[in-house]
Amino acid sequence: MGGIPFQMQEDEVRSLCESFGKLKSFNLIKDNSQVGINKGYAFFEYQDERAIDKAIKALNQLEIKDKRLKV
C-alpha cells in the first residue's frame with residue numbers, strides 16, 4: 001500500500017489494515033533518519049485470502065489527511 005501519510009503511526013496503519021481481517025504479516029517502512037516518520041508505504045498480507053478483495057476495494061483511493069492510498 002502506498003500513499004500513507006508520513007506522520008501516521010504504525011499502530012494506526014496496522015489497525016486500518018486489520019479492520020478487514022487478521023494479518024499474516026505487516027511491515028510499515030520507516031524513515032530511519034526521522035523519528036516517528038514513515039516512508040509512505042507498507043506491505044501486508046492476510047491470513048485469509050478472502051480479506052484481500054475487501055481490503056483493496058475499501059482502501060484503494062481512500063483519502064486520509066492530505067493523501068490518497070494506493071493498494
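This is a short tour of a predicted protein model, one selection at a time.

**The whole chain**

Start with everything shown as a cartoon. You should find 2 helices and 4 strands, and if you trace them from the N terminus the order is α-β-β-α-β-β. Now zoom out and look at the overall outline. The C-alpha atoms fill a box of roughly 35 × 25 × 15 Å along the principal axes. The radius of gyration is 12 Å, which agrees with the value near 11 Å for a compact globule of 71 residues.

Switch on a surface next. About 4,800 Å² is exposed, and carbon and sulfur atoms supply 48% of that area. Of the 71 residues, 30% count as buried. If you colour the charged side chains, you will see 12 positive and 11 negative ones, and the centres of the two sets lie 2 Å apart. One more overall number is useful before you zoom in: among contacts between residues at least 6 apart in sequence, 50% join residues at least 24 apart. Several stops below show such distant parts of the chain.

**Stop one: Met1**

Select Met1, in the segment before helix H1 (10–18). Is this residue buried or exposed? Met1 counts as buried, because its relative accessibility is 14% and the cut-off for buried is under 20%.

What does Met1 touch, beyond residues up to four places away in sequence? Show its partners in groups: Val13 and Cys17; then Gly40, Tyr41, Ala42 and Phe44; then Leu59; and finally Leu69, Lys70 and Val71. While you are here, draw a distance between the C-alpha atoms of Met1 and Val71. These two residues are 70 residues apart along the chain, yet their C-alpha atoms are separated by 4.6 Å.

**Stop two: the aromatic pairs**

Two of the partners of Met1, Tyr41 and Phe44, lead straight to the next stop. The structure holds 2 aromatic pairs. Select Tyr41 and Phe43 for one of them: the rings meet edge-to-face, 5.9 Å centre to centre, with 85 degrees between the planes. Add the surface again to compare their surroundings. Tyr41 is partly exposed, with a relative accessible area of 35%, whereas Phe43 is exposed at 53%.

Now select Phe44 and Tyr46. This pair is edge-to-face too, at 5.6 Å centre to centre and 90 degrees between the planes. Tyr46 is buried, with a relative accessible area of 7%.

**Stop three: the loop between E1 and E2**

Move to the loop between strand E1 (23–30) and E2, and select Val35 there. Val35 counts as exposed, at 87% relative accessibility. Which distance separates the C-alpha atoms of Val35 and Gln7? They are separated by 9.9 Å, with their positions 28 residues apart along the chain.

Stay in the loop between E1 and E2 and pick Ile37. Ile37 is partly exposed, with a relative accessible area of 21%. Leaving aside neighbours within four places in sequence, Ile37 is in contact with Phe6, Gln7, Lys30 and Asp31. For one more distance, connect the C-alpha atoms of Ile37 and Gly2: these residues are 35 apart along the chain, and the atoms are separated by 14 Å.

**Stop four: the loop between E2 and H2**

Follow strand E2 (38–46) to its loop with H2, where Asp48 has its place. Asp48 is partly exposed, with a relative accessible area of 33%. Add Gly21 to the selection. Asp48 and Gly21 are 27 residues apart along the chain, and their C-alpha atoms are separated by 7.2 Å.

**Stop five: two positive phi angles**

Where does Gln61 sit? Look in the loop between helix H2 (50–59) and strand E3 (63–64). Its backbone deserves a glance: phi of Gln61 is near 75 degrees, a positive value in a residue other than glycine. Gln61 is partly exposed, with a relative accessible area of 41%.

Finish with Lys65, in the loop between E3 and strand E4 (67–68). Phi of Lys65 is near 55 degrees, which is again a positive value in a residue other than glycine. Lys65 counts as exposed, because its relative accessibility is 55% and exposed begins over 50%.

Conventions. Residues are numbered from 1 along each chain as its sequence is written. This is a predicted model: local features need pLDDT of at least 70, side-chain atom pairs count only at pLDDT 80 or more; totals for chains, interfaces and linings use all residues. Side-chain values use heavy atoms; hydrogens and water are left out. Rings of Phe, Tyr and Trp (its six-membered ring) pair if their centres lie within 6.5 Å; planes under 30 degrees apart count as stacked, over 60 as edge-to-face and the rest as tilted. Buried means under 20% relative accessible area, exposed over 50%, partly exposed in between (1.4 Å probe, protein chains only). Contact means heavy atoms within 4.5 Å. The radius of gyration is taken over C-alpha atoms; the globule rule is 2.2 Å times the number of residues to the power 0.38. Accessible areas come from the Shrake-Rupley method with a 1.4 Å probe; for residues, only the protein chains shown count as cover. Lys and Arg count as positive and Asp and Glu as negative; His and the chain ends are not counted. The place of a charge is taken as NZ of Lys, CZ of Arg, CG of Asp or CD of Glu.
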